[in-house]
Amino acid sequence: MIVVRFKVRCRPEKSEQALALFREIVAASRPLKGVVSFDMGRDITDLNTFIATEVFEDRAALDRQESLAPVKKAMGLFDQLLAAAPEETVFEV
């Protein structure tokens, strides 16, 4: 299994736009084959920060999720949306 923790800090004026994009990603990711769980929430101490916790059966499932159109769309907008570089930690368990 692969567990991914993905954290982004958005520009304050772009947080709601990012939230809408992240909702699309969650909705598209959860039903994918090989996705065990896919959750995203806001940091309660910084509402401009979003943290995803993603669990995949294997690398192929992670690759399928990363190839989704909503993921590509959001990542293409990161330069406009984010206040800092995204943080990603990948665990193989």
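This is a dialogue on reading the sheet and helix α1 of a predicted model.

Student: What is the strand order of the open sheet, and which strands are its edge strands?

Tutor: An edge strand is one that pairs on one side only. In this predicted model, the open sheet has four strands in the order β2-β3-β1-β4, with antiparallel pairing. The edge strands are accordingly β2 (35-43) and β4 (87-92). Neighbouring strands of the sheet are turned against each other by 10° on average, with direction ignored.

Student: Over how many bridges do β1 and β3 pair?

Tutor: Strand β1, residues 2-9, pairs with strand β3, residues 46-56, over eight bridges in the antiparallel sense. Within these strands, arginine 5 stands opposite threonine 53 in β3.

Student: Which strands does each of the helices α1 and α2 touch?

Tutor: Helix α1 (residues 15-29) packs on the sheet and touches β1, β2 and β3, its direction making about 165° with that of β2. Helix α2 (residues 59-66) also packs on the sheet, touching β1, β2, β3 and β4, and its direction makes about 140° with that of β3.

Student: Why do the buried residues of α1 lie on the same side of the helix?

Tutor: Burial here means under 20% relative accessible area. The buried residues of α1 are Ser15, Ala18, Leu19, Leu21, Phe22, Ile25, Val26 and Ser29. They lie on the same side of α1 because they cover an arc of only 165° around the axis. The face turned away from that buried side carries the exposed residues Glu16, Arg23 and Ala27.

Student: What covers the buried residues of α1?

Tutor: Their cover includes β1, β2 and β3, together with α2, α3 (69-76) and α4 (78-81).

Notes. Residues are numbered from 1 along each chain as its sequence is written. This is a predicted model: local features need pLDDT of at least 70, side-chain atom pairs count only at pLDDT 80 or more; totals for chains, interfaces and linings use all residues. Side-chain values use heavy atoms; hydrogens and water are left out. Two strands pair if DSSP finds at least two bridges between them. Helices (H or I, at least four residues) and strands (E, at least two) are DSSP runs, numbered from the N terminus. Axes are lines fitted to C-alpha atoms, for helices over the stretch in contact, and angles run from 0 to 180 degrees between N-to-C directions. Contact means heavy atoms within 4.5 Å. Buried means under 20% relative accessible area, exposed over 50%, partly exposed in between (1.4 Å probe, protein chains only). The arc is that of the directions from the helix axis to the C-beta atoms.
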